[in-house]
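Work through the following exercises with the sequence and the model side by side, and try each task before reading its solution.

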Amino acid sequence: MYIKRLQLNSFRNYSLLELELGQDICIFVGKNAQGKTNLLESCSLLSTARSHRTSRDKDMIMLGSEHARARVECVERDGVHTVDIILSRNEKKRISVNGLPCSRIGEMIGQVKTVIFSPEDLDIVKNGPAVRRRFMDIDLSQIMPVYFYNISKYLKVLEQRNELLKAFSCGRGDTASLEVFDQLLSQAAMPVIEQRKLFIERLSPVCRDVHYSLSGNTEGLEAIYVPGCDALCQEDMLKALHDTREGDIRRGLTYIGPHKDDIALKLDGVDLRFYGSQGQQRTAALSLKLAQLELMKQDIGENPVLLLDDVMSELDPARQKHLLGYLSGLQSIITTTHLLPELASVKGARVFNVSNGEVKPYRGI
């Protein structure tokens with residue numbers, strides 16, 4: 001698949017933009033703070049219904065405007081599809097797919113399939129488990145729509161159980177109700193655990209091969225699923241919830257479950273989070289993203305769109321060369337402050353200048 005047309009209205013620093021994109025590499029060149037990353041953010045929003053930079057929709061609305069709009073036309077094997085999102089300062093976002101309003105976000109997830117790699121993705125390796133859970137959730141939601149509903153259901157029940165746990169501190173707790181929520185939570189948890197476990201089992205060997213290539217055949221990367229509960233079935237988790245109930249009531253929070261899951265990333269057996277250099281961590285993060293790209297390709301039967309936000313300059317020449325090898329045959333939307341000769345020479349590449357929220361054919365900086 002590829003993005004054919006992108007339209008933005010009052011989105012970040014774009015008052016009005018209509019952009020035709022080619023099927024191969026599209027490179028956006030410009031100085032910092034001109035709007036390059038905003039283009040990728042809009043593509044990510046139209047793919048996952050959320051920004052990769054902020055949790056607040058209104059941050060994407062141009063100053064002085066009440067609404068922002070992002071619209072995309074993408075070409076897939078079965079034809080042209082459109083996704084349209086309208087953001088508001090005072091209302092919930094409105095989403096349409098192929099001109100029809102969506103009542104739930106899950107109806108648009110996976111319509112535009114993207115993999116984004118930005119400098120912030122170094123956090124996948126070096127930060128806490130929440131970042132790695134988000135990595136799993138975004139990928140699985142795009143390739144497996146039922147997963148989005150499964151994780152949404154689990155998190156909703158978890159929130160309700162936590163509210164009940166907090167009520168105990170006020171003398172309003174109900175043990176019978178807690179038993180019901182234990183049943184509901186353990187039931188909702190199992191498909192999430194199973195799908196995440198299978199995802200990492202598939203991801204790890206692909207990630208290992210990609211990283212081995214990127215590191216010049218010198219380093220082996222392993223991704224290991226670390227569950228937040230050692231439960232093989234619903235009965236196991238139900239027992240674990242019962243065993244930790246006293247502590248949960250005391251804390252007012254649920255101690256075990258998929259909301260505590262993590263991914264251990266080990267380089268030649270050493271934990272990258274604590275012992276990897278920044279260069280090794282960056283290469284590992286890129287390997288995870290390229291492995292994600294490969295799995296998505298296997299599952300949907302066509303290439304997703306790769307979004308690269310100013311990452312080429314962060315890589316040494318050898319890693320740049322390896323990365324360029326992965327770009328063949330798929331649409332890649334790349335931002336950079338300097339047009340590298342290796343990028344400009346790629347066959348079929350289209351290059352644009354970005355300056356103060358305007359995009360024009362490349363004429364140098």
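**Exercise 1: Cysteines**

C43 is buried, with a relative accessible area of 3%, where buried means under 20% relative accessible area with a 1.4 Å probe and protein chains only. The model is a predicted one, in which local features need pLDDT of at least 70 and side-chain atom pairs count only at pLDDT 80 or more, while totals for chains, interfaces and linings use all residues. Residues are numbered from 1 along each chain as its sequence is written, and side-chain values use heavy atoms, with hydrogens and water left out.

Task: determine why C43 forms no disulfide, taking a disulfide as a pair of cysteine sulfur atoms within 2.5 Å.

Solution. Start from the closest cysteine sulfur, which belongs to C26; because it lies 9.6 Å from the sulfur of C43, it is too far for a bond. Turn next to C102, which is in no disulfide either, the nearest cysteine sulfur, that of C74, being 13 Å away. Finally, apply the rule throughout, and the count of disulfides comes to zero.

**Exercise 2: The sheet**

Task: establish the strand order of the open sheet and identify its edge strands, with strands being DSSP runs of E of at least two residues, numbered from the N terminus.

Solution. First, the six strands follow the order β2-β1-β4-β5-β6-β7 with antiparallel pairing, where two strands pair if DSSP finds at least two bridges between them. The edge strands are therefore β2 (14–20) and β7 (100–101), since each pairs on one side only. Within the sheet, β4 (residues 67–76) is joined to β5 (residues 79–88) by 10 bridges, and V75 stands opposite V80 in β5.

Note on methods:
Disulfide = S-S within 2.5 Å. Buried < 20%, exposed > 50% of the residue type's maximum accessible area, 1.4 Å probe, protein only. Helix = DSSP H or I, 4+ residues; strand = E, 2+ residues; numbered from the N terminus.
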